[in-house]
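Please find below my comments on the model, set out as numbered points. They concern backbone geometry, burial, core packing and one pocket.

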Amino acid sequence: MNYILKIFTQDEKGLIYRISDVIFKYQINIIKNDEFVGEGMFFFRAVLEGKFNQNELICALRTMLGEHSLIELHEKRKKDIIIFVTKESHCLGDLLIRHYSNELEANIKAVISNYDALENLVSKFGIPYHSIETQNLSRIEHEQRILDCLELYSFDYLVLAKYMRILSPAFVKRFTNRIINIHHSFLPAFIGANPYKQAYERGVKIIGATAHFVNNNLDEGPIITQAVLNISHEYTWQDMQQAGRNIEKNVLSKALELVFEDKIFIYNNKTIIF
């Protein structure tokens with residue numbers, strides 16, 4: 001059985017030796033480990049192999065490191081996710097195919113949308129689809145219906161695969177560091193309808209995408225992955241849109257891979273990624 005150990009604490013001399021010594025005393029094998037020191041803080045991730053009492057190991061590490069240290073230890077497993085969408089299918093379709101091909105280190109428990117436009121696509125993969133429309137509902141009422149739906153499932157993360165609604169602070173707070181979003185990198189310079197057409201009219205030379213955790217500052221949560229593509233004047237806005245969608249699919253897929261493998265630390269609205 002493999003486990004993921006993550007430690008985040010104040011940096012001091014000898015930490016790697018002391019952590020390794022505790023692990024050794026439990027006869028646990030370290031398959032791989034990474035560490036980083038920045039701003040006086042120490043970040044450590046290790047893949048462990050062996051049979052041991054998890055609570056005892058955590059207690060031993062906490063006794064050695066102190067109560068203010070963050071220590072996470074859990075079995076390496078597939079994560080459970082729920083995908084939020086609106087009408088665009090490219091990111092959702094990519095995740096559905098990866099899930100079907102067993103290339104996604106996650107189980108898609110359900111898809112939730114504010115439209116029924118993508119229900120036919122999702123039904124082909126045998127995954128529950130919930131259309132929760134916004135008509136005649138306030139944002140609070142709509143989100144409450146979403147929360148009622150989420151009660152049906154056990155999940156680790158919510159994935160916004162081009163979900164074109166802003167979530168309320170109360171909703172975001174309920175799932176702190178558990179909501180992942182993908183957006184085109186034009187934001188906030190090109191907001192509103194058809195950002196690719198706006199970018200075309202401005203003659204941009206680079207397009208891209210950003211995947212990030214969601215917080216209450218619109219599209220300013222901790223960044224997970226980004227990618228860009230150089231373009232020329234020969235691109236129409238439709239060409240830019242298609243290229244941008246391809247980047248969005250790849251960036252979201254890479255970000256989720258990092259999240260599902262527990263390779264990310266969040267600190268001061270930034271990410272440390274191993």
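1. Q27 sits in the loop that joins α1 (15-25) to β2 (29-38). In this predicted model, Q27 adopts a positive phi of about 55° although it is not a glycine. Most residues other than glycine have a negative phi. The relative accessible area of Q27 is 63%, so Q27 counts as exposed, the cut-off being over 50%.

2. A positive phi is also found at N177, again a residue that is not a glycine, with a value of about 60°. N177 is placed in the loop between α6 (169-174) and β9. Is N177 buried, exposed or partly exposed? With a relative accessible area of 36%, N177 is partly exposed. N102, just after α3, likewise takes a positive phi of about 60°.

3. Helix α3 deserves a separate comment. Its buried residues are H90, C91, L92, G93, D94, L95 and L96. Which elements cover them? The cover includes β5, β6, α4 (119-123), β8, β9 and α8. Within this helix, G93 has a relative accessibility of 14%, and it therefore falls under the 20% limit for a buried residue. Between G93 and K205 there are 28 Å in space, C-alpha to C-alpha, and 112 residues in sequence.

4. The largest nonpolar core comprises 41 residues, of which I81, I83, V111 and L252 touch the most other members. Two or more residues each come from β5 (79-85), α3 (90-100), β6 (106-113), β8 (157-160), β9 (179-184), α7 (195-202), β10 (206-213) and α8 (237-260). Which element gives the most to this core? That element is α8, with ten residues.

5. The surroundings of V111 can be described in detail. Apart from neighbours within four places in sequence, V111 is in contact with I83, V85, L92, V122, I127, P128, Y129 and H130. One of these partners, I83, is itself among the core residues that touch the most other members, and another, L92, is one of the buried residues of α3.

6. A second core, separate from the one above, is made up of 20 residues, including F84, A110, L147 and C149. C149 has a relative accessible area of 8% and is buried. C91 is buried as well, with a relative accessible area of 1%. How many disulfides does the structure hold? The number is zero.

7. The second largest pocket encloses about 430 Å³ of space. Its lining consists of 20 residues, and those closest to the centre are K6, E72, Y157, N177 and I264. N177 is thus named both here and among the positive phi values, at about 60°. Elements contributing two or more residues to the lining are β1 (2-10), β4 (70-75), α8 and β12 (264-267). The largest share, four residues, belongs to β4.

8. How many residues of this lining are nonpolar, polar and charged? The lining divides into nine nonpolar, two polar and nine charged residues. One element recurs across these points: α8 supplies ten residues to the largest nonpolar core, is part of the cover over the buried residues of α3, and gives two or more residues to the lining of the second largest pocket.

Methods:
Residues numbered from 1 in each chain as written. Predicted model: local features only at pLDDT ≥ 70, side-chain atom pairs only at ≥ 80, totals over all residues. Heavy atoms only, no water. Core = buried A, V, L, I, M, F, W, Y, C linked by side-chain atoms within 4.5 Å. Buried < 20%, exposed > 50% of the residue type's maximum accessible area, 1.4 Å probe, protein only. Contact = heavy atoms within 4.5 Å. 1 Å grid on protein atoms, 1.4 Å probe; cavity = no way out; pocket = protein on both sides within 12 Å on 5 of 7 lines; lining within 4 Å. Points joined across faces, edges and corners; volume = space filled by probe spheres on them. Nonpolar A, V, L, I, M, F, W, Y, C, P; charged D, E, K, R; others polar. Disulfide = S-S within 2.5 Å.
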